[in-house]
Amino acid sequence: MGKSKSIRTAIIGAGPRGTSVLERLLAHAAAHAAAHSGQASLHIDVIDPYPAGPGHVWQPGQSRLYLMNTQSFYPTVIPEDTRLAPPVAGTTFDRWRARQQREPMQVLTLDERSELAALGSRDFPSRALYGRYLRCTLDELTEKLPDGVTVSFHETTAVSVRPSGDGTPRTQGDSTPGETTPSTGTFDVGLAGGGSLKVDSVVLALGHLSSRLNPEQRELQASAAQLGLSYFPPAVPADVDWAAIPAGEPVLVRGMGLNFFDAMGQLTEGRGGKFIDAGPRLEYQPSGQEPLIIAASRRGTPYRAKAALAGYYPASVTLRYLTVAALERFAATGIRPGFDHDLWPLLHRDTLWAYYATLVRSQPAAVPDASAFLAALEEALRPHAHSAANWEAAVESVLAVHVGPRHRLDLRGLASPLAGRSFGSRAELDAAVVEYLLDDARRSALGEEDPVKMAIGALHHGRAVLKTAVADGGITDESWVAGLRGWFESFVEGLASGPPALRSEQLAALARAGVVSFVGPDPRFGVDRRTGRFTAASPWVNGPPVAAKTMVEALAPANRVSANDSPLLEQLLADGMVRPRLMMTAEGAPVQATGLDVAPHPYRPVAANGSVTEGLYVLGLQLSATQWGTAIAAEALQPGGPTYASGQRTLRDADEIAHAILGH
């Protein structure tokens, strides 16, 4: 940004990712102004039909029953990396929370003040309150604009981005990846309802997009229209009209991940029911307005609940095998690791060590000769002591000598607690699921003293390392498709991405009260045209299929750029300005990945002809074929806790984009 430089950029998407880019642009502009004489001109157009800051997902007006899946101490949109340009305003969510408790802003509603009064650093805030934080942060930023910077907010939809009539976007062919040169006047951004903006650069921070239904979902939707049934497709939970689900009637809910607990809350507490602490267990007092919730998922059970911990990661677990040093060794030898062959065996070792080290500490009677056992286990786990083919056999030999069958870890079984079982009736199944829920909640309450939760804690640590290891082509395509996304992602999410333990206790109470029942593992869904009902049945549960006139997909819209329902992204794909990334399977067949094909760094989309358009940038969910775990918020630094490079990756991505736009 020289003395006479005038730059205009558009940020499409005004949720947390777009807000991060805005924040970084202001930070860089302020730092440049402080270091150089003369005023530069920067104009930022922020485009989103939803109010800026919260964007679509985090609107402050939504139900307070929708909780974040991270505690107050975790999220931030303001970077804390001292190597980056210092922020002009704003702070982490937890510091904002504490500040509002001391000196609440006038803009806060009574509900927000009430929630804040009881909200601690380790509590799970509502999404609505996080949305208020995002809005307040945006307001602080715009109140402290550096000299020469202006911002316009357009509460509308961007429907197209095309080369402007008076210029052609610069493209990069075989030049060095990461080489950037600012463009001037190269894009027209079309807006819904007419009109356009002429800008030098565009940031696609599109976030969660609606998606076309898959063939099975389209068939269910069509059958519902023909038979007068109610079908609710995948959606952001706050967008669903929960009042349209009738009381007293069965409703089939597919999916038992995080969106399921949102549905559960809206159809129970959201209708006036109450959870009552009745001594040793929670009880549910119905309002009479609840439907009968029939829950179905592939595992037959919901995600495991989070352990009660002092921080985001268990302090008693330290990775010994899947470490930054191990990743550096791969790089030093020129090896691009495979997931199943190279990375998972290291994390698997960490998981076993975390489990058995915790078992020895918390249940001494389970392993009579603890020191001999741990020494033998450590030797068996050493990566170079045994070949990849027999290290697990070496571990099994150690366990056979020291640990009884009842105390051994069945890692795969943790993710499928009903596997290998069949049930004589749905009542028998319901009792088994309640038993699972209460056992899991009990383990969560034990926190660092529970071996199972610490094994999962190692997986949780490992995810943070894996995010760095697999980014930007860090593993082979075939292992990304078959390993990381093929089995590990769903496996680890079911174990380490669950709700607070209170949700498991609530679900158990609802099942005991007869408000919720379950279908069982491996459910099959259909429509009975004779009776005019949706149906679901498990091959492992005896009895007739469950039937309902209403079906809810408790799933987020699919994050696949090729299946998106966004006019803007469809235009960019149709014009060849962007393309989905193709990956090669082990058989040599190309498959379309979920995200855009991009060139780092900063991330710019690769066009259909293989060129890279300068001045067009991508941030967030549409990077899912290059980064793993793009949906989670940026992590605030945890005092005394581990600091993983992946924690603030999104904020560094935003910083790189801002740096490129301003041409520093």
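In which sense do E1 and strand E9 (residues 201–204) pair, and over how many bridges? Select both strands in this predicted model, and you will find that E1 and E9 run in the parallel sense, joined over four bridges. To see one point of this pairing, pick Ile12, which stands opposite Leu204 in E9.

Keep strand E1 (residues 6–12) selected and turn to E2, with which E1 also pairs in the parallel sense, here over seven bridges. A residue to mark on this side is Ile11, which stands opposite Val46 in E2. If you colour E1 by accessibility, the strand appears mostly covered, since five of its seven residues are buried.

Next, follow the chain out of E2 to Asp48, which lies in the loop between strand E2 (41–47) and strand E3 (75–76). Asp48 is buried yet takes part in no salt bridge, and the nearest side chain of opposite charge, that of Arg135, is 10.0 Å away. What the side chain of Asp48 does have is a polar atom lying 2.8 Å from the backbone nitrogen of Tyr50. Showing the surroundings of Asp48, and leaving aside neighbours within four places in sequence, you will find it in contact with Gly13, Ala14, Gly15, Gly55, His154, Glu155 and Thr156.

Now move to another sheet by selecting E5, E7 and E8, three strands that form an open sheet in that order with antiparallel pairing. The edges are strand E5 (158–163) and strand E8 (196–199), each of which pairs on one side only. Looking across this sheet, neighbouring strands are turned by 20° against each other on average, with direction ignored. Five bridges join E5 to strand E7 (residues 187–191), the two running antiparallel, and Ala158 has Leu191 as its bridge partner in E7.

The charged pairs come next, for the structure holds 31 salt bridges. Begin with Arg24 and Glu23, whose closest N and O atoms are 2.7 Å apart in a salt bridge. Arg24 is buried, with a relative accessible area of 1%, and Glu23 is likewise buried, with a relative accessible area of 1%.

Then select Arg95 and Glu80, whose side chains meet in a salt bridge at 3.2 Å, N to O. Because Arg95 lies in helix H2 (residues 93–102) and Glu80 in the loop between E3 and H2, the pair ties together parts that are 15 residues apart in sequence. Arg95 counts as partly exposed at 49% relative accessibility, whereas Glu80, at 18%, counts as buried.

Further along the chain, select helix H12 (residues 426–446), where Asp439 and Arg443, being four residues apart, are separated by about one helical turn. These two residues form a salt bridge in which the closest N and O atoms are 3.2 Å apart, and Asp439 counts as partly exposed at 28% relative accessibility. Extend the selection to Arg442 and Asp450, for salt bridges that share partners join Asp439, Arg442, Arg443 and Asp450 into one network.

The last stop is Ser517, in strand E15 (residues 516–518). Is Ser517 buried or exposed? At 7% relative accessibility, Ser517 counts as buried. Its side chain makes a polar contact of 2.6 Å with the side chain of Arg426. Beyond its neighbours within four places in sequence, Ser517 is in contact with Ile293, Ile294, Ala295, Arg426 and Asp430. As a final distance to display, the C-alpha atoms of Ser517 and Lys274, 243 residues apart along the chain, are separated by 18 Å.

How values were computed. Residues are numbered from 1 along each chain as its sequence is written. This is a predicted model: local features need pLDDT of at least 70, side-chain atom pairs count only at pLDDT 80 or more; totals for chains, interfaces and linings use all residues. Side-chain values use heavy atoms; hydrogens and water are left out. Buried means under 20% relative accessible area, exposed over 50%, partly exposed in between (1.4 Å probe, protein chains only). Contact means heavy atoms within 4.5 Å. A polar contact is a pair of N or O atoms within 3.5 Å; within protein, one must be able to donate a hydrogen and the other to accept it, and residues adjacent in sequence count only if both atoms are side-chain atoms. Two strands pair if DSSP finds at least two bridges between them. Axes are lines fitted to C-alpha atoms, for helices over the stretch in contact, and angles run from 0 to 180 degrees between N-to-C directions. Lys and Arg count as positive and Asp and Glu as negative; His and the chain ends are not counted. A salt bridge is a side-chain nitrogen of Lys or Arg within 4 Å of a carboxyl oxygen of Asp or Glu.
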